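Visitor: Before we discuss any particular residue, I would like to see the chain, and then to ask how each label you use is justified.

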Amino acid sequence: MSLLLRRRSRSETRPQEIPAERAKQLESEKPDRQLQQQQQQARHHQMRHHPHASEQNLNKLGLVSSGSSGMGRRKTSAELISEAKMFLGESVGAVPLMATGGARLVSTRRPITPRESGRVLYGKVALAGRPPSAFSMRYLQNEKPSTPRQLPALSGSGPATPMPTRNGALLCQSSTETLIELLKQHRGLKDCSDETVQHINAILQELYTRVRKQERSFKRGFILGGLYGLVECSSPRVLLAVARVVLALRVTGSNLTGACKLIFKVARHEQHDALFHEHDVLELLIDGLGHASPLDEPEACIYAYGCIRFLTASSAQERDDALNRNWIGLESSGESHSLPIPALMPPALSAISAALCPRKLTGQQTLVSRLARHGAVELMILHLQMLNEAGATKRLQGPPLHTLYQLSAAMRALADVSQQQQRLQLQLQLACPHLIRAAEVSMGELEVQANVVRTLSVLSEDSDCCETLHNYAARIGLLLGPSCAGGGQCSERLLAVLSRLGYMLGNILAKHESARIQYFQNDVAMEYLLNVLEQLNERSPTSVALLDAQIKLIRVVANMSVNPEVGAGLGNVRSLGAVLLQLLSKTSAELAQKKTAEQQELLHATLGALHNLCFYQDKQAIVHPLAEGSLQSLIDDLSASLAKVLSNCQTSVTKVELARVLGNLTRNERARRCFCAAGGLPLMVQQLTKQAAGQDYELRTCAIGVLVNLLGDGEQRGPFLQLRGAELLSLLLRGALEQEDWFLANIVCQALWNLLIDGQCAANLCQSGNILDEVSDLLADYLDEERLLPGDNDNDEDDAEREQDDVDADAETDPDPEAHDALWEDFALVATDLLERIQNNFDRQQQSHTSPQVDNEDDKDVFIEEM
């Protein structure tokens, strides 16, 4: 059984009594002492290994514990609140912490979105019976098509009214009939000059003003007849002006469809976007849709929602590209791994993408805000409900199904630019359950379902929407089911659905504990997940889409296993261990031949899942029989594979991830023995030898943590001495103490403690004398609190002011201003016990040079509790 060192109070590491004169001196030096402590904190922040300046970093190596059994201090309430806020992403610029219990969250890029060459209604999709993207506008008509069209008689009799000239001032004095006659003069017009466009627009504006004043309804057919001849005009301004008049007439049926087609015809060209900022055509469009049903007038809805999608998503692809481009940049530089991996994309990246195209985003947000204020999202939700109700009784097909395709795409475009609009986000939050139902209704229609799921995956990035979605985690997992039916090669569209389902579930499980339990306890959802992982693993990674789907689904496992109950239970789930082990071996081998961003991300996601799962496999399996292919049944193979991958790994970032997994896995006795049998001990010594004075602080600390666990086994201590491990630990201890890195010095002391438990090892080291003498001198020197008190002030006032500025600048990043002193205190507790052990060994060696040293019963091995 692994136990931690007994904790001593700090009073045991300092003199028990302070003379009165010395007490007065200390009191007089108090301001200087505070300044020196601030300077020391500032120096710590400037070091490469700044992250260990707070107790967050003890979690990385598992040195945080509480109560009587732990060496670490208890966290204050302020720290707990601060960490909770950071975990929820509420702190400005903060990165979420690792989950408690030695597991951490895994994040991925947004799913890959294919770039469309232009604004098309369906892209490359070939939906049966879909309305065309190109169409003829020649069917504006009276709303009662069964009645032959008749132009109403002109009001009044007598001499004909003279036709007004192109002087706009005369238009307001003309009758409506005169205005229509003027429009009929341009019947069939296509190409026209700017002067003609201005004249026609003036007529249409006057006509629109009168229609909005509720002119008598009997003129509706007459007005539509006059507008009929302008629908083939090439001027987008004229087409929008015609559509405004038609919509102002509150038309329905085919006339509403015609108006929506006119607006769509203009919106499909990005250079026309500015025209939609000049008048209220979007508000009129929403009003018109309010009189339509997606079941009875589906074509009107198709073109209207297609228009909204175009106008609000002109930069959606650029935003995806910006997010992924910055993610890859952080990944390749290693910066994303110097801190715990965030659950979601940080808001800073959204700001970066906004900076890439500020003009377009500003225009988009303006249009989106207008649509939201006018009730567009509420109308979308209503139409969703109508489609879902119809799909519950009869499978959707034809135009209603295509309406769902465009509606969900439009909602996704709104979500893409809604970050700063609280009202719109609240409306989209209400849409989440209906979109889940729509994904179920469209099951079997892969193209439509892909669009719905894509919308949900974008909404899952928002914390409020994620709060709603987490109640449906298992239900979302059931959407993986159809992909399990039948074999054969996965299509690109199916892989896109799997990728976005995995991305959405990963976001949900990264934030909500109840969702992790809910998903794990749903046997059907778990079975679907395992089946998909197995099927994807059987295929060779021939496409980026396949790798992306695997990444997102492995992330589901990683984030689910943060929960202790789930993490322990997943250790004996069938085939999961085999899938992860195969991914580890296959991906690392492929990276050795050809390195790609997707393969490296898949490897890191796999290591993230193994990291969490291995933390809960510290005890020997007591369940018999073990499930076939479970992680518990493959502990031996996993240990050997990790050793092989680490020995061949050339990437520092990946080595850190491997060391973290080993830090958790080697808490298991069987895993330690298998890892060492595969050459793990010399491999870890080799990593530490390279990093003894290197710059990769994380790799160094993680590797020492693994070494602490390995030295917990008696049979590894002798071989460690033969590898000159004692000299290595002495060198690491000196380097850590010289930099006043109490965190690193702490875990080096734990490794030395485990080494000296062995009586023969201790005797051999005492006989040589040099190493233990050096360690004893170092510990005695740095345990002296006088080193922390002010001495000769070698720095001038400028240096003091500069360091004080650094302290002020870092005040917000350090949750505990006394963290530096607390880390020293934790180091002192361990170092004091180690120093006493060394001294006792020397004393025993002097008493007897022949008899082997017998271990005391109180001498217990120390193991890293969390990694």
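Guide: This is a predicted model, and a fitting place to begin is residues 321-360, over which pLDDT stays under 50, although the model has 73 contacts beyond four places in sequence for these residues. Over residues 150-163 pLDDT likewise stays under 50, and there the model has nine contacts beyond four places in sequence.

Visitor: Why should the coordinates not be read in detail where pLDDT is low?

Guide: pLDDT is the predictor's confidence in each residue, on a scale from 0 to 100, and where it is low the predicted coordinates should not be read in detail. The chain averages a pLDDT of 77, with 68% of the residues scoring at least 70. Confidence is lowest in helix H3 (residues 56-61), at a mean of 36, and highest in helix H22 (residues 513-521), at 97.

Visitor: What makes Ser630 buried or exposed?

Guide: The cut-off for buried is under 20% relative accessible area, and Ser630, at 0% relative accessibility, therefore counts as buried. Ser630 lies in the loop between helix H27 (597-615) and helix H28 (635-648), and, leaving aside its neighbours within four places in sequence, Ser630 is in contact with Gly571, Asn572, Val573, Ser575 and Gly577.

Visitor: How do you know that Arg672 and Asp713 form a salt bridge?

Guide: The rule asks for a side-chain nitrogen of Lys or Arg within 4 Å of a carboxyl oxygen of Asp or Glu, and for Arg672 and Asp713 the N to O distance is 3.0 Å, so the pair qualifies under that definition. Arg672 lies in helix H30 (residues 669-677) and Asp713 in the loop between helix H32 (697-710) and helix H33 (717-722), so the salt bridge ties together parts that are 41 residues apart in sequence. Arg672, with a relative accessible area of 5%, is buried, and Asp713, with 6%, is buried as well.

Visitor: What are the exposure classes of Arg734 and Glu738, and what makes them a salt bridge?

Guide: The closest N and O atoms of Arg734 and Glu738 are 3.7 Å apart, which is within the 4 Å that the definition requires. Both residues lie in helix H34 (residues 725-738), four residues apart, about one turn of the helix. Since exposed means over 50% and partly exposed lies between that and 20%, Arg734 at 31% relative accessibility counts as partly exposed, whereas Glu738 at 52% counts as exposed. Elsewhere, salt bridges that share partners join Arg104, Glu657, Arg660 and Glu698 into one network.

Visitor: Which residue pairs with Asp416, and how many salt bridges are there by this rule?

Guide: The count comes to 29 salt bridges. In one of them Asp416 pairs with Arg110, the closest N and O atoms being 3.3 Å apart. This pair links distant parts of the chain, 306 residues apart, with Asp416 in helix H16 (residues 399-416) and Arg110 in the loop between helix H4 (77-87) and helix H5 (176-184).

Visitor: What makes a set of residues a nonpolar core?

Guide: The residues must be buried, of nonpolar type, and joined through side-chain atoms within 4.5 Å. The largest such core has 228 residues, and those with the most contacts inside it include Leu204, Leu570 and Phe827. Helix H35 (residues 742-757) gives the largest share of this core, 13 residues. A second, separate core of six residues includes Ala510, Val562, Phe615 and Tyr616.

Definitions and conventions: Residues numbered from 1 in each chain as written. Predicted model: local features only at pLDDT ≥ 70, side-chain atom pairs only at ≥ 80, totals over all residues. Heavy atoms only, no water. Helix = DSSP H or I, 4+ residues; strand = E, 2+ residues; numbered from the N terminus. Buried < 20%, exposed > 50% of the residue type's maximum accessible area, 1.4 Å probe, protein only. Contact = heavy atoms within 4.5 Å.
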